[in-house]
Amino acid sequence: MKTRLIYLILIVSLLFTSCGKQSQATSTPTLPPPQSQVMNTTEETLPEPTSTPTPEPTQENYSQYHFDVVFDYAQHTLQVSQQIVFLNKSDFPLSEILLLIPPRSFPGVYTQTSLQGDLIAASSEDGIKTIITLSQPLAAQQSLTINLSYSLNLPKREGTLGFTDRQTNLSNWYPYIPPRDQSGNWLAHEPFIDASNMVVGEYIVNEIADFTVNFQLIGNTPNLQIATGARPIPMENGTRYELPKARAIAFSISNQYHLEEIQHNNYLIQAYVFSNQKQNASAITRIATQAMDLFSELFGEYPRERVVIVSADFLHNMEMDGMVLLSNKIIDFYDGTPLNNLTILIPHELSHQWFYSLVGNDQALEPWLDESIATYSESLFYERYHPEYLQWWWDNRVFAHEHNGYVNNSIYEAGSYENYRASVYLNGAIFMQDLSENLGKENFLSALRHYVENNQYGVATQKEFFDALFQANPIDLNHLLLKYFRQ
Ligand SMILES: [Zn+2]
């Protein structure tokens, strides 16, 4: 009874959240006032990335992002030359290109010194957006090149972009071009912060692209280790990182990491924990191995050569492509049993390698497409490996909290982080279970697998999700939509 009470206390703590609860206590993102200025011929203080050849196009042809980064860990600064070879994968000619620059949501962090490209006639800034007017339209399936130079003066904050005393995280740190929907509209949104200063969910939608980063460390900080889902290739003065066919490229850097890794099947599983957490590193790789095995079996083979779990110096969790950041407190509080957050949340975050990385979705407008499935995937993990605790999972993860509201809430409609979690995550898991019972378990799992197969490397919507369900078992699901969805 006493141990059960301890679990319950743990469960109601802040740590029982996943992917998206961020406190803004240290630095609230505020958007700079809209301004409009032509800035295609500003001065250059950084070398253009001509020192490296333009990356070879991959067979499938995606946009390519190449970076030359010089990073000073102690000074928390990056000097970046970036080249985007943007491929217009839509069916529409584009007379404007939208560039989104997430670090601009933090005042004083991003300073651009150059924006150039053959077809750029003019550009203007509006918050985190830069709108580039082209001198001639970019036809479908044609590409253009944009070169940028900028510096980042990282914010001191606990989060996915910023630094603390023992870690620097680089996520959504560079300008990118968002995908377009089927009508040709840019999938470009703004972050949403609720009344209690919590960031609700995620707002960034990425198209698949090929990434290469030449990463050079300067300064005198010894023992720095760089965690990333990308493949490292040693170079003369630094490391080249390659991450083909990915949503985004992210790094987590510290001089206090302890690394434990295992080769499993055809990929590497890495756990970067802080040195005082060494004793729990093998639990992370063990749970991760189980989760990767299960999801590869259910949703399709994992396509990358590594998956990296990093102890995050903050109180939430976040998925990235090939990497997840897991709150350090969850690792600290691991008690060696399956009845704890480490066992719940590693499967959650790793399932995002299928539902977010492989199959993209609009995380701002349809966050349930990744979060409801990721939460439900936790139950699949317990069902497979700890069936005696499956009911415990439902009771403590879902029913012990508010678990109501529209599953298809956007990050703006939920109103608050608490309501967002209650509806999209928890009621979302109940919705998935209801779908499974209505369609039949085998049909439902086969639908999820086909949903991944048919939409991998794309950006899916609810239409594709329900198409996959209908394909698996063509029954009428309207009563469930009435029950769970905002109409
Ligand atoms: Zn999640």
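**Entry 1: the whole chain**

I began by counting elements, and the protein chain has 10 helices and 23 strands. A reminder to myself: this is a predicted model. Next I looked up burial, and 60% of the 487 residues of the protein chain count as buried. I also checked how far apart in sequence the contacting residues lie. Among contacts in the protein chain with a separation of 6 or more, 74% join residues 24 or more positions apart.

**Entry 2: strand β18**

I picked strand β18, residues 267–274, for a closer look. How many of its residues are buried? I found that 8 of its 8 residues are, so with buried meaning under 20% relative accessible area, each of them falls below that cut-off.

Then I sorted the side chains by direction. Tyr-267, Ile-269, Ala-271 and Val-273 point one way from β18. Leu-268, Gln-270, Tyr-272 and Phe-274 point the other way, and all of these residues are buried. I noted the background rule here: in a regular strand the side chains alternate between the two faces of the sheet.

**Entry 3: the neighbours of β18**

Which strands pair with β18, I wondered, and in which sense? Strand β17, residues 257–264, pairs with β18 in the antiparallel sense over 8 bridges. As one pair to find on screen, I wrote down His-258, whose bridge partner in β18 is Val-273. The hairpin of β17 and β18 has 2 residues between the strands, and Asn-265 there takes a positive phi near 50 degrees.

Strand β19, residues 306–312, pairs with β18 in the parallel sense over 5 bridges. Here I marked Gln-270 of β18, which stands opposite Val-308 in β19. I then followed the path between these two strands and met helix α2, residues 281–299. Is the β-α-β unit made by β18, α2 and β19 left-handed or right-handed? I have it down as left-handed.

**Entry 4: a cavity**

Last, I turned to empty space inside the model. A search of the whole structure finds 4 cavities of 30 Å³ or more. I chose the second largest cavity, which has a volume of about 60 Å³.

What lines it? My list for the second largest cavity reads Ser-63, Tyr-65, Phe-86, Tyr-176, Ile-177, Asn-206, Glu-207, Ile-208, Ala-209, Phe-211 and Arg-247. Both β2 (63–72) and β12 (209–218) supply at least two residues each to this lining. By class, I noted 7 nonpolar, 2 polar and 2 charged residues in the lining.

How values were computed: Residues numbered from 1 in each chain as written. Predicted model: local features only at pLDDT ≥ 70, side-chain atom pairs only at ≥ 80, totals over all residues. Heavy atoms only, no water. Buried < 20%, exposed > 50% of the residue type's maximum accessible area, 1.4 Å probe, protein only. Helix = DSSP H or I, 4+ residues; strand = E, 2+ residues; numbered from the N terminus. Pairing = 2+ DSSP bridges. Right-handed = clockwise from strand over helix to strand, strands pointing away. 1 Å grid on protein atoms, 1.4 Å probe; cavity = no way out; pocket = protein on both sides within 12 Å on 5 of 7 lines; lining within 4 Å. Points joined across faces, edges and corners; volume = space filled by probe spheres on them. Nonpolar A, V, L, I, M, F, W, Y, C, P; charged D, E, K, R; others polar. Contact = heavy atoms within 4.5 Å.
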